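Visitor: Hello! Could you walk me through this structure step by step?

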Amino acid sequence: EKSQDCMYLQYCKVCQSYKAPRSHHCRKCNRCVMKMDHHCPWINNCCGYQNHASFTLFLLLAPLGCIHASFIFIMTMYTQLYNRKYVIFGAKDKCVSCGFLNWKTSTVSKTCSEMHPFLRSMVKIISFDFSLCGCRLALGTTIAVGMLFIIQMKVILTNKTSIESWIEEKAKDRIQYYQTGETFIFPYDMGSKWKNFRQVFTWSGIPEGDGLDWPVRDGCHQYSLTIEQLKQKADKRVRSVRYRAIEDYSGVCCPVTKGVKTFFTTPCTEEPRIALSKGDLILATRGLKHWMYGEKILISAADGGIRERGWFPRKCVEKYQYDSETDQPVDGEKKSK
């Protein structure tokens, strides 16, 4: 670690170290992940620098396996429907109890011919329903996982993770809001889809580089993205609004006691909720109509306190008027929700 480069890096308070370029802290894994794209609950791990290629191959092979299973289920249902005609029209000698084969000389065939017609029909209907259910699950998985595969291929071909795409969007909003006239160029897109592809997929199975230093396009350097992230963090602090809790909130996902609209409009995200007690101070950075996201300031901690971030109902807080120099409440403040 070069000490002169620390001014361009973000510091992770949880890991107590500086983050490498393109690294982000995962709350689920409780560690910083190199080139983090997202946390996948299906593999219970993050998709990042080390396993991006393996994760993408998993997204490719899973739909292929489901397509194969769908073909088997469809052929099974066709066979079941074909043999059911003989049950309906009474040709018992051609019926098989499981509906898959048509062996007249087999033991299963003799059992089927001796089975009661109603019971034989119920067995065929139940087996058909199970096959239909399995086919639906296989086709649904094919569509859902196939869409994720397309998204990951877009990430690889542009060399831009989903987190970095969000950072780029916020960079454009920041430049437009302040009218700075600067232009943000994403530094890691090499301009060639093949070059971007080769950074993830190699013959050895090991991705290129070490996850710390990355090749960048002309006109950019290693810390172009991290410098933009530091600017966005500083801008978030400036544009944030301080609130004070006027009601207790337990931190549940869908609070029943905070109103019907608050209950039904809870944010559909994995981001946590923070419990509030009356009098707590919160630094809100963004919000919805009935919910807000912010950081709870612990007054007892040093240097402004360690902040707990999460969502909380807008109904539980009010704007907190204070003097920015003395950090004390303004006399006669007007309480406005």
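Guide: Gladly, and please keep in mind that we are looking at a predicted model. Let's start with the empty spaces inside.

Visitor: How many cavities of 30 Å³ or more does a search of the whole structure find, and what is the volume of the largest cavity?

Guide: Rolling a probe the size of a water molecule over the atoms reveals where empty space remains. Across the whole structure, the search for cavities of 30 Å³ or more finds 1. The volume of the largest cavity is about 40 Å³.

Visitor: Which kinds of residues line the largest cavity?

Guide: The lining includes Lys 35, Tyr 49, His 52 and Trp 214. Also in the lining are Gln 199, Val 200, Pro 207 and Glu 208. Sorted by kind, the lining residues are 4 nonpolar, 2 polar and 2 charged.

Visitor: Now for the pockets. What is the volume of the largest pocket, and which residues lie nearest its centre?

Guide: The largest pocket has a volume of about 2400 Å³. Its lining is made of 44 residues. Those nearest the centre are Arg 27, Lys 236, Glu 271, Tyr 293 and Arg 309.

Visitor: Which element gives the most residues to the lining of the largest pocket?

Guide: Several elements give two or more residues to this lining, among them β1 (11-12), β3 (24-26), α4 (162-178) and β8 (281-287). The lining divides into 13 nonpolar, 12 polar and 19 charged residues. With 9 residues, the element that gives the most is α6.

Visitor: Between which domains does the largest pocket lie?

Guide: We can reason from who supplies the lining. Residues of both domains take part in it, so the pocket lies between domain 1 (10-48) and domain 3 (240-319).

Visitor: Let's turn to the strands. What is the strand order in the open sheet of 5 strands, and which strands stand at the edges?

Guide: The sheet is open, its pairing is antiparallel, and its order is β10-β9-β8-β7-β11. Each edge strand has a single partner, so one side of it is left without a neighbour in the sheet. From one strand to the next, the twist averages 45°. The edge strands are β10 (308-313) and β11 (317-319).

Visitor: Which residues stand opposite Arg 244 in β11 and in β8?

Guide: Strand β7 (residues 241-245) is joined to β11 by 3 bridges, and to β8 by 4 bridges. Both of these pairings run antiparallel. Opposite Arg 244 stand Glu 318 in β11 and Leu 281 in β8.

Visitor: What is the bridge partner of Ile 282 in β9?

Guide: Strands β8 and β9 run antiparallel, with 6 bridges joining them. A hairpin through 3 residues connects β8 to β9. In β9, Ile 282 is partnered by Lys 296.

Visitor: Last one! Why is the pair formed by the rings of Tyr 8 and Tyr 223 called stacked, and how many residues apart are they?

Guide: A search of the whole structure finds 11 aromatic pairs. In this pair, the ring centres of Tyr 8 and Tyr 223 are 5.5 Å apart, and their planes meet at 20°; planes under 30 degrees apart count as stacked, so this pair is stacked. Tyr 8 sits in the segment before β1, and Tyr 223 in the loop between α5 (193-200) and α6. The pair links distant parts of the chain, with a separation of 215 residues.

Terms used. Residues numbered from 1 in each chain as written. Predicted model: local features only at pLDDT ≥ 70, side-chain atom pairs only at ≥ 80, totals over all residues. Heavy atoms only, no water. Pairing = 2+ DSSP bridges. Axes fitted to C-alpha atoms, helices over the stretch in contact; angles between N-to-C directions. 1 Å grid on protein atoms, 1.4 Å probe; cavity = no way out; pocket = protein on both sides within 12 Å on 5 of 7 lines; lining within 4 Å. Points joined across faces, edges and corners; volume = space filled by probe spheres on them. Nonpolar A, V, L, I, M, F, W, Y, C, P; charged D, E, K, R; others polar. Domains from an automatic or database assignment. Phe/Tyr/Trp six-rings, centres within 6.5 Å; stacked < 30°, edge-to-face > 60°.
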